[in-house]
Amino acid sequence: MSVPSLLDTFPEELLERILYFCVVAAPDPQASRPSWQPQRRRAYTRLTPLLVCKSFYRIALPHYYHTVHLTTPEQSSCLRTLLRRRTYLARSVRRLVVTCVASDTSPAMRLCTGLTALDVTLDPYADSESFCDTLETLENMTCFTLRKQHNIYLTMPSVRRFMTRIAATIAAWPRLESANLAFRLSDDDGPVSGIAQALSFAPSLRSFSTEIPSLWNEAILRISHNPKLEKIVLGGEDAARGGGLYMVQARKHPRLAELIKNGTPMIRTRAHTMIVPPKMVSSLSEVVKGAPTPQVARHRSLKKGGRFC
């Protein structure tokens, strides 16, 4: 009679939770490494737990595809081929992080039937029409993040077209709960205003995140009009310093200031200074004048030759 191993007596629900944290990829886009910088070979990767035994492979495989990063056209093509061969993994893909929109990206996204979170980096050279057509079919989307690189400008024609389609796509997501525009918003009559207007009418939006603007504009104010919104998270260096000039104007709008306070803990409303009447000032000065003067304690260690050093 074989003796059961310790792994056999371990609860599978607890083991699954442990393997989840071992194999799930980071939700944020990975920083690109320069071509001249050598890569360090690590002793283990996210794939390591799947190679331990058959039980680990069976439990951890769905979580391994929970978050998928698409940074090259080859990765989009591989994901498309994989999901066509192993259709049971399509429900396992819950989050896509797309930093390179390729021709195979849209077909691969259509196969991800369980997709609920999307992180997209603006690509001015991508086919935005086909990509946004696919986004409109993702009715179960609950979390959306839009990023841009430092050398991509919102005034570029291709970027403006892409953001205009994004504004129309947000209206097709009734379950959207969290939105993150990871760049500074500007108040214009173009696609930024369109996205702000769409978010102000999102029926399930609970949280909105963005970088705090340097100067006041009404883009975030427009989003704060959403009655379902619970918090606004502001990031950036100005937020760490208290909000700068933007918060001076934001405090004039109670609803906006309350949402920022709920989502950005480092920003607090300024303390109010109490105005003391002149009569109280004069009475306080008399009390101070009548108070006894404290005596300086003399210690023998401070004394030298009858005088203090």
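Strand β5 (residues 178–184) and strand β6 (residues 207–211) pair in the parallel sense over 5 bridges, where pairing requires at least two DSSP bridges between two strands. The model is a predicted one, in which local features need pLDDT of at least 70 and side-chain atom pairs count only at pLDDT 80 or more, while totals for chains, interfaces and linings use all residues. Residues are numbered from 1 along each chain as its sequence is written, and side-chain values use heavy atoms, with hydrogens and water left out.

Within this pair of strands, a good place to start is Ala 179, which is found in strand β5. Its bridge partner in β6 is Phe 208. At 3% relative accessibility, Ala 179 counts as buried; buried means under 20% relative accessible area, exposed over 50%, and partly exposed in between, for a 1.4 Å probe and protein chains only. Leaving aside residues up to four places away in sequence, Ala 179 touches Phe 144, Leu 199, Leu 205, Ser 207, Phe 208 and Ser 209, a contact being heavy atoms within 4.5 Å. The C-alpha atoms of Ala 179 and Thr 142 are separated by 8.5 Å, with these positions 37 residues apart along the chain numbering.

The wider setting is an open sheet of 7 strands in the order β1-β2-β3-β4-β5-β6-β7, with parallel pairing. At its edges stand β1 (67–70) and β7, each with a single partner strand, so one side of each lacks a neighbour in the sheet. Neighbouring strands of the sheet are turned by 10 degrees against each other on average, direction ignored; axes are lines fitted to C-alpha atoms, for helices over the stretch in contact, and angles run from 0 to 180 degrees between N-to-C directions. Helices (H or I, at least four residues) and strands (E, at least two) are DSSP runs numbered from the N terminus.

At one edge, β1 and β2 run parallel and are joined by 4 bridges, with Val 68 opposite Leu 96 in β2. From strand β2 (residues 95–98), Arg 95 and Val 97 point one way and Leu 96 and Val 98 the other, and all are buried. At the other edge, β6 and β7 pair in the parallel sense over 5 bridges, and Ser 207 has Lys 231 as its bridge partner in β7. Strand β7 has a covered face, formed by Ile 232 and Leu 234, and an uncovered one, formed by Lys 231, Val 233 and Gly 235. In a regular strand the side chains alternate between the two faces of the sheet.

Turning to the helices, the axes of α7 (residues 157–170) and α8 (residues 191–200) come within 8 Å and cross at roughly 10 degrees. The two helices are therefore roughly parallel to each other, as angles under 35 degrees count as roughly parallel, over 145 as roughly antiparallel, 65 to 115 as roughly perpendicular and the rest as oblique. On the α7 side, the contact is made by Arg 160, Met 163, Thr 164, Ile 166, Ala 167 and Ile 170, and on the α8 side by Pro 191, Val 192, Gly 194, Ile 195, Ala 198 and Leu 199.

In helix α12 (residues 254–263), the buried residues are Leu 256, Ala 257, Leu 259, Ile 260 and Gly 263. These residues cover an arc of only 165 degrees around the axis, which puts them on the same side of α12; the arc is that of the directions from the helix axis to the C-beta atoms. What covers them includes α9 (219–223), β7 (231–235) and α11 (244–250).

Two further positions offer a contrast in exposure. Ser 106, in helix α5 (residues 105–111), is buried, with a relative accessible area of 4%. Beyond four places in sequence, Ser 106 touches Ser 130, Phe 131 and Thr 134. Thr 137, in the loop between α6 (128–135) and β4, is exposed, with a relative accessible area of 52%.

Overall, the protein has 13 helices and 9 strands, and 39% of its 309 residues count as buried. The mean pLDDT, the predictor's confidence in each residue from 0 to 100, is 81, and 76% of the residues reach 70 or more. Confidence is highest in strand β4 (residues 143–147), at a mean of 94, and lowest in strand β9 (residues 307–308), at 46. Over residues 296–304 pLDDT stays under 50, and the model has 5 contacts beyond four places in sequence for this stretch.
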